[in-house]
Amino acid sequence: MCVIIANPQAKRLPDAIVLKAMNVNPDGFGIIYLDEDSAPIKTMDYNEAYEHLQSVRPYIAHLRYTTRGATTLENCHPFKSGDDGWLFHNGTVSIETAKNQVDSDAIATLVGDMDEDTRRAVLELTDSRFVRVDSTSYEIYNESMWTEFDGVLYSKS
């Protein structure tokens, strides 16, 4: 499964953690910076991913390990979720999808326009980890399943 890295305090990550995350999850990368630039960046180039992960800007990042769907840039996280949101997902959820659509994209569409309480209730029905980012904030789901190291949250150890 993938890994999400929530680094809101803009800590420089240890090289060993970054290199292991990239090695174990080699199938695509996405990031949203939490400061002035909230547009997602997606890439299959792990040299570029490495530079982003070593940024001193606050961010949420996702390194993909393909479990469903093709290994393509289009299937990299985050996925559009509602009018102004983006969803990152670590896990696998049994959900009906359109042809060539990954489960994470289907979930992002499903919960996109839900109010916060309903969205939380739906996303926390699973043992997956999620982060939703919008223009003003971010929200972590199933937080008790995350690993914290030096102020940075990881969706798996």
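Here are three short exercises with worked solutions on the structure above.

This is a predicted model, in which local features need pLDDT of at least 70 and side-chain atom pairs count only at pLDDT 80 or more, while totals for chains, interfaces and linings use all residues. Residues are numbered from 1 along each chain as its sequence is written, and side-chain values use heavy atoms, with hydrogens and water left out.

**Exercise 1.** Find out which residues of helix α1 are buried and what they pack against.

*Solution.* Start with the terms: helices (H or I, at least four residues) and strands (E, at least two) are DSSP runs, numbered from the N terminus. Buried means under 20% relative accessible area, exposed over 50%, and partly exposed in between (1.4 Å probe, protein chains only).
- Step 1: pick out Val 18, Ala 21 and Met 22, the buried residues of α1.
- Step 2: these sit on the same side of α1, because they cover an arc of only 95° around the axis (the arc is that of the directions from the helix axis to the C-beta atoms).
- Step 3: turn to the other side of α1, where Ala 16, Lys 20 and Asn 23 are exposed.
- Step 4: look for the partners of the buried residues, which are β1 (3-7), α2 and β4 (59-63).

**Exercise 2.** Describe how α1 and α2 meet.

*Solution.* Contact here means heavy atoms within 4.5 Å.
- Step 1: the axes of α1 (residues 15-24) and α2 (residues 46-53) come within 11 Å and cross at roughly 145°. Axes are lines fitted to C-alpha atoms, for helices over the stretch in contact, and angles run from 0 to 180 degrees between N-to-C directions.
- Step 2: from α1, take Asp 15, Val 18, Leu 19 and Met 22; they meet Tyr 46, Tyr 50 and Leu 53 of α2.

**Exercise 3.** Work out the strand order of the open sheet with 4 strands, then place Asn 142.

*Solution.* Two strands pair if DSSP finds at least two bridges between them.
- Step 1: the order is β5-β6-β7-β8, with antiparallel pairing.
- Step 2: β5 (79-80) and β8 (138-141) are the edge strands, each pairing on one side only.
- Step 3: β7 (residues 129-133) and β8 share 4 bridges, and Val 133 has Tyr 138 in β8 as its bridge partner.
- Step 4: now go to the loop between β8 and β9 (147-149), where you'll find Asn 142. Asn 142 counts as buried because its relative accessibility is 8%.
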